[in-house]
Amino acid sequence: MSNFIDEALQRLPTETPDWLSEQRRRGRSSWKSSTMPTRKTEDWKYTRLRVLEEGAYLGRAERQDSSSPALTALRDQVKIPELDARMLVFVNGFYSPELSSPTAMDAMEVVHFSEADETQVETIRAHLGTAADRDKYMFTALSDSWLDDGVFVHVTQNSKVTTPLHIVWLTVPQREAFSLSQRLLVVMDAGSEATVVEHFASDGAQQNCFTNGVTELVLGANARLCHYRLHLEEEHALHIGGVHARLDRDARLNSFHLGLGSTLKRLDVVVRHEGNGAHCDLNGIYLPRHSQHIDYHTCIEHARPHCTTNEVFRGVISDNARAVFNGRIHIHPDAQKTVAQLSNKNLLTSNRAEVDTKPELEIYADDVKCTHGATVAQLDDYALYYLCSRGIAREHAQVMLSTGFINELINNLQHSTLGEYLKPVLSDMFVQQVTQRERAE
Amino acid sequence: MLSIKNLHATVEGEEILRGINLEIGPGEVHAIMGPNGSGKSTLGHVLTGREGYEVTAGEVTFMGQDLLALAPEERALAGLLLAFQYPVEIPGVSNMEFLKTAVDGIRKYRKLEALDSVSFMKLAREVCKRVDLDQNFLKRGVNEGFSGGEKKRNELMQMMLLEPHLAILDETDSGLDIDALQVVAAGINSMRDGKRSFVMITHYQRLLNFIEPDHVHVLGGGRIVRSGDKSLALELEDKGYGWLESEAV
Ligand SMILES: Nc1ncnc2c1ncn2[C@@H]1O[C@H](COP(=O)(O)OP(=O)(O)O)[C@@H](O)[C@H]1O
Ligand SMILES: [Mg+2]
């Protein structure tokens, strides 16, 4: 077993703009002073990072041949034609112009940190690291310490960008296990509107990549952002990620998360209501199977009055997989008239599947409306029997009930085209699962 | 069509059916009546193979097959359908998807050509009309938030789409007002073709004013305590079940 903290420190970033060095230095010192979480670390109670140390993810990401037919085929698979999006494709962290279709959009600037012009650098410096707290989230510190580049998305004041931005992060295995740092900063100026889809996928081969991903969303007054983060990587991928958002006055964030299983996925979703009247819809679905592990930690900080949060997460946990959901809502003394709802429902389709769910409400204001609830249930035998009594095979009935459990969230997506893309992907996954189970029996 | 011989069944260790004998021929309509808790619904569930309903003795033959050896879905494919007394709500699965999946399965089994979505949609809309249910119910989750009467009509709709050889209708009439009752009765009557058989489980003789049964049976204490023609139903209406109780021992 190695010491991941030390190992990570030895990875110095290459060719990096000078103006990032200060942030990197702070990241290093924060990372250096952190310790690997143990069972006693509250935020990591149910999620062990042993795989990270055992896997020796020491290699660096290498640029792949983007023109290979395999990668083109993979790109076609993740493309969502009906979404009609501007698509940026990264392979093992490297931008691939061949695979991307970046129709320019005047009102939305998209550049690499390394290629930003002076004004852009100024905006990046003003916001990078303001949403993601490196002292609180150790993997943000790691991201900062590895910071050599990133993607900057800027929507200028009052611009309404209707074409979604579809950012795809593809991974394929390398000869040796490797680490990847993914960084995205979205700055929405006051009154602007846009849609950003973050989409993680991989080829079918056994993955040997550890991705550390940090996304920051900064919403100015009255800005509206529709954000998706889809994790569809294969089995052995390892992902620790954070989505950190700041919402100014009357801003609206709609953020949807989907996590298919992996060896380990841990996502921290943090939303800070920093201006009066901000609103957040935070929804998510996690579907671990086999012996996968998925952990969603969400934290909503209500720092100002009159803000609202509506959070719904659902999970279907199969085989001997494990899921962790922790939903924290923190209402600060100032945040009067807060309305916040949190619901987490889990369906266990096998008796070896496990879930640990914990809603955490911390309320320091007196005039607020907050509700929360978490449930864990098995497949309903009576419902299965009802479906079977109509001639539907039991395995198929199981698939119907599992998909039915999450359909409500999929059906309510702001972009129904995305729902149409996801539905067959998810139901195929459930079908595969049932057939594998049958074969095993 | 259906032959039940000395059927005994337990639920959670308790014997509920204690020797049922019943012969149902093609095209026949049988009514099964009896007080609450007499085992009417249990009989329906045992015949359709619900888990936890354990047959401890007896035989059931359905169209020449040993019914009890079949899984619930195989019984349905063989042409048996139970309209549930308490249909299940399944949020997230649209009624349309549910009906189409069921119809696809049964058509495949019967070696009929698959219906494309457009033809199925058309068929489903027609059937909706026949049971006087708004088309919106096709888009909603299976039985989700349906009223009692709407659930019953949805059951009827499934019968019309799946065209079983034998339909067991478990209190499909209860909780309906007189207009709805007539719609349901007309729906059932429209399915009678001289070959299809029906078992109507009911509490009241009301439904039987609209659908004339060939045979009426009274269930008591897990046994058929009396069989007769439709006049038995009228007699029950008059006297209640009390006068039969002494015979139920
Ligand atoms: N799922 C069940 N679990 C336990 N007892 C049951 C169950 N279903 C039926 N019973 C019992 O079996 C008996 C007959 O019930 P049922 O068949 O529903 O009667 P009916 O339909 O004639 O009103 C009742 O005593 C009832 O309590
Ligand atoms: Mg009953």
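Buried area is the accessible area, taken with a 1.4 Å probe, that two parts lose on being put together, summed over both. Keep that in mind for the exercises below, and remember that this is a predicted model.

**Exercise 1. How much area do chain A and chain B bury between them, and which residues of chain A lose the most to chain B?**

Step 1. Start with the total: chains A and B bury about 2100 Å² between them. Carbon and sulfur atoms carry 64% of that.

Step 2. Now count who takes part. Chain A brings 18 residues to the contact, and chain B brings 29.

Step 3. Look at the chain A side on its own. Tyr385(A), Tyr386(A) and Arg390(A) lose the most area to chain B, and together they make up 40% of what that side buries.

Step 4. Finish with the charges. A salt bridge here needs a Lys or Arg side-chain nitrogen within 4 Å of a carboxyl oxygen of Asp or Glu. Two such pairs link chain A and chain B. Arg394(A) makes a salt bridge with Glu51(B), with 3.6 Å between the closest N and O atoms.

**Exercise 2. Find the domains of chain A and work out what lies between them.**

Step 1. Chain A splits into domain 1 (18-275) and domain 2 (382-441). Their C-alpha centres are 30 Å apart.

Step 2. Domain 1 of chain A puts 17 residues into the contact, while domain 2 of chain A puts in ten.

Step 3. About 1200 Å² is buried between domain 1 and domain 2 of chain A, and 79% of it comes from carbon and sulfur atoms. On the domain 1 side, Ile80(A), Tyr228(A) and Phe256(A) supply 36% of the area buried against domain 2, more than any other three residues.

Step 4. Check for salt bridges between these two domains of chain A: the count is zero.

**Exercise 3. What lines the second largest pocket, and which domains does its lining draw on?**

Step 1. Get the volume: the second largest pocket has about 450 Å³.

Step 2. Its lining holds 23 residues, and the closest to the centre are Gln77(A), Leu232(A), Glu234(A), Leu260(A) and Val425(A).

Step 3. Helix H4 (69-78), strand E8 (193-202) and helix H9 (416-440) of chain A are the elements that give two or more residues to this lining. H9(A) has the largest share, with six residues.

Step 4. Sort the lining by character, and you get eight nonpolar, nine polar and six charged residues.

Step 5. Back to the domains from Exercise 2: domain 1 (18-275) and domain 2 (382-441) of chain A each provide at least three residues of the pocket lining.

**Exercise 4. Describe the largest cavity.**

Step 1. The structure has four cavities of 30 Å³ or more. The largest cavity holds about 110 Å³ of space.

Step 2. Of the 15 residues that line the largest cavity, Trp169(A), Thr171(A), Leu180(A), Phe200(A) and Thr211(A) lie nearest its centre.

Step 3. Strands E6 (165-171), E7 (178-188), E9 (209-219) and E11 of chain A each supply at least two lining residues. E6(A) gives the most, with three.

Step 4. By character, the lining of the largest cavity has eight nonpolar residues, six polar and one charged.

**Exercise 5. Which parts of the chain does the salt bridge between Glu274(A) and Arg246(A) link?**

Step 1. The side chains of Glu274(A) and Arg246(A) meet at 3.0 Å, N to O.

Step 2. Glu274(A) sits in the loop between strand E13 (264-273) and strand E14 (279-287) of chain A, and Arg246(A) sits in strand E11 (residues 238-247). The two are 28 residues apart, so the pair links distant parts of the chain.

Step 3. For the wider picture, the count over all chains comes to 28 salt bridges.

Note on methods:
Residues numbered from 1 in each chain as written. Chains lettered and ligands numbered in written order. Predicted model: local features only at pLDDT ≥ 70, side-chain atom pairs only at ≥ 80, totals over all residues. Heavy atoms only, no water. 1 Å grid on protein atoms, 1.4 Å probe; cavity = no way out; pocket = protein on both sides within 12 Å on 5 of 7 lines; lining within 4 Å. Points joined across faces, edges and corners; volume = space filled by probe spheres on them. Helix = DSSP H or I, 4+ residues; strand = E, 2+ residues; numbered from the N terminus. Nonpolar A, V, L, I, M, F, W, Y, C, P; charged D, E, K, R; others polar. Domains from an automatic or database assignment. Contact = heavy atoms within 4.5 Å.
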